[in-house]
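Please open the model in your viewer and keep the selection panel at hand. The tour goes from one selection to the next and says what is there at each stop.

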Amino acid sequence: MHITELIARRKQPLVSIEITPPEKGRSISELFSSVDQLLPFQPTFITVTYHQQRIVYEDVGAGLTKKIPRRKNPGTVGICAAIANRYKIETVPHIICGGFSRYETEDALIDLQYLGFTNLFVLRGDPAPGFKEFIPEPDGHRFASELAGQIAAMNCGRYLEALDNAVSTDFCIGVAGYPEKHYEAPNLADDLRHLKEKVDAGADYIITQMVFAARPFREFVDRARAIGIKVPIIPGIKPVTNAKQLVSIPREFHVDLPEELVSRITRASTPADSARAGVEFTTRLCRDLLKQDVPGLHFYTMGKGRATAEVLKAMNDE
Ligand code: FAD
């Protein structure tokens, strides 16, 4: 079922989770056990990230190099199929512009349609590993709006070459929004205009980058509504529970951590104290977001479900 339909039918705010495929050589069982921890909270859908491959160039002598693609996290589609099969929960593969020409994208979309996926989360993608800037493939998309447009065209039966009586795909399209603005955008107004372009190109709902305060999220939603973005906007939630994350989360995701969270974790005398502070902070944040009548809460689990499970349990216990 389309995510927008699940949102429309909800009796209470939805809980959804994002997971990342295990690195090559690691077992899927760790991932299953992190999903298992969250099953009691009945997640409505699970999104699975996709990561651009790392290319290494190996010297093969005589001044020649060999291009070796190494896929760090293989298997987004395989993981989605495994999860859908095992848990019977709506599963949403992420699909990115990076590393794909439009033709390869079209083929990937046809495969996803044959596999029965009707929801996609559409992104430009991070720069390829080892690169500072995002570089599109020759004949690939530069922005998520272009990829959303290609999918929307296929939903109307328009493929890259004209095909007689072509079957229309049936994908519901989610895209990313950034309440603190995307790190490359000159300002939030400019980033919001590009968010609107994604919606105009065919996006059906938005999930945001992780938010750490309810008020800026509401202001973001208000500004989005003011420029005509009408689709559901779901806040992304990341429970920060240890001192290492105080450095890694802002560095990787370009977000600001509130002073209250930082000082509580910094002052914690044991890992258990620190985890408790993070869970308490996130539980209160979720409660404040729910007061804004958000359609759901989307938890970034990054392969570890425990902190999210504790937040959801604390909310249920209230
Ligand atoms: P876009 O919407 O294309 O925007 C990228 C930048 O370009 C922005 O600064 C925007 O303002 C600007 N821009 C857009 N259109 C134009 C235009 N026409 N002209 C000029 N500027 C423009 N990354 C992964 O690699 N894999 C994942 O699975 C993944 N999952 C994610 C899930 C969520 C919920 C979020 C919030 C992010 C995720 N990311 C993932 C990270 C994401 O790929 C990066 O943040 C990336 O840098 C931007 O992707 P986007 O789709 O938001 O890009």
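Select Gln52 to begin, and you will find this residue in the loop between strand 2 (45-48) and strand 3 (54-61). The model you are looking at is predicted, and what follows should be read with that in mind. Gln52 has a relative accessibility of 13%, and because buried means under 20%, Gln52 counts as buried. Now show the side chain of Gln52 and the backbone of Asp126, where the side chain reaches the backbone oxygen of Asp126 at 3.4 Å. To see the surroundings, add the residues that Gln52 touches, leaving aside those up to four places away in sequence: Ile96, Gly98 and Gly99, then Asp126, Pro127, Ala128 and Pro129, and also Phe134.

Next, select residues 102-114, which form helix 4, together with residues 144-155, which form helix 5; their axes come within 11 Å and cross at roughly 50°. Helix 4 and helix 5 are therefore oblique to each other, and their crossing is right-handed. For the contact itself, display Arg102, Thr105, Glu106, Leu109 and Ile110 on the helix 4 side, which meet Glu146, Leu147, Gln150, Ile151 and Met154 on the helix 5 side. If you colour these contact residues of helix 4 and helix 5 by character, they divide into five nonpolar, two polar and three charged.

Move on to helix 9 (residues 259-267) and helix 10 (residues 271-290), whose axes come within 8 Å and cross at roughly 160°. Angles over 145 degrees count as roughly antiparallel, and helix 9 and helix 10 are therefore roughly antiparallel to each other. The crossing of helix 9 and helix 10 is right-handed. Here the residues to display are Glu260, Leu261, Arg264 and Ile265 from helix 9, with Ser274, Ala277, Gly278, Glu280, Phe281 and Arg284 from helix 10, which together make the contact. By character, the residues of this contact between helix 9 and helix 10 divide into four nonpolar, two polar and four charged.

For the last stop, select Ala314, which is found in helix 11 (residues 306-317). Is Ala314 buried, partly exposed or exposed? With a relative accessibility of 25%, Ala314 counts as partly exposed. Finally, draw a distance from the C-alpha of Ala314 to the C-alpha of Ser101: the two residues are 45 Å apart in space and 213 residues apart in sequence.

Methods: Residues numbered from 1 in each chain as written. Predicted model: local features only at pLDDT ≥ 70, side-chain atom pairs only at ≥ 80, totals over all residues. Heavy atoms only, no water. Helix = DSSP H or I, 4+ residues; strand = E, 2+ residues; numbered from the N terminus. Buried < 20%, exposed > 50% of the residue type's maximum accessible area, 1.4 Å probe, protein only. Polar contact = N/O pair within 3.5 Å; in protein donor to acceptor, adjacent residues only side chain to side chain. Contact = heavy atoms within 4.5 Å. Axes fitted to C-alpha atoms, helices over the stretch in contact; angles between N-to-C directions. Parallel < 35°, antiparallel > 145°, perpendicular 65-115°, else oblique. Left-handed = near helix turned anticlockwise from the far one by under 90°. Nonpolar A, V, L, I, M, F, W, Y, C, P; charged D, E, K, R; others polar.
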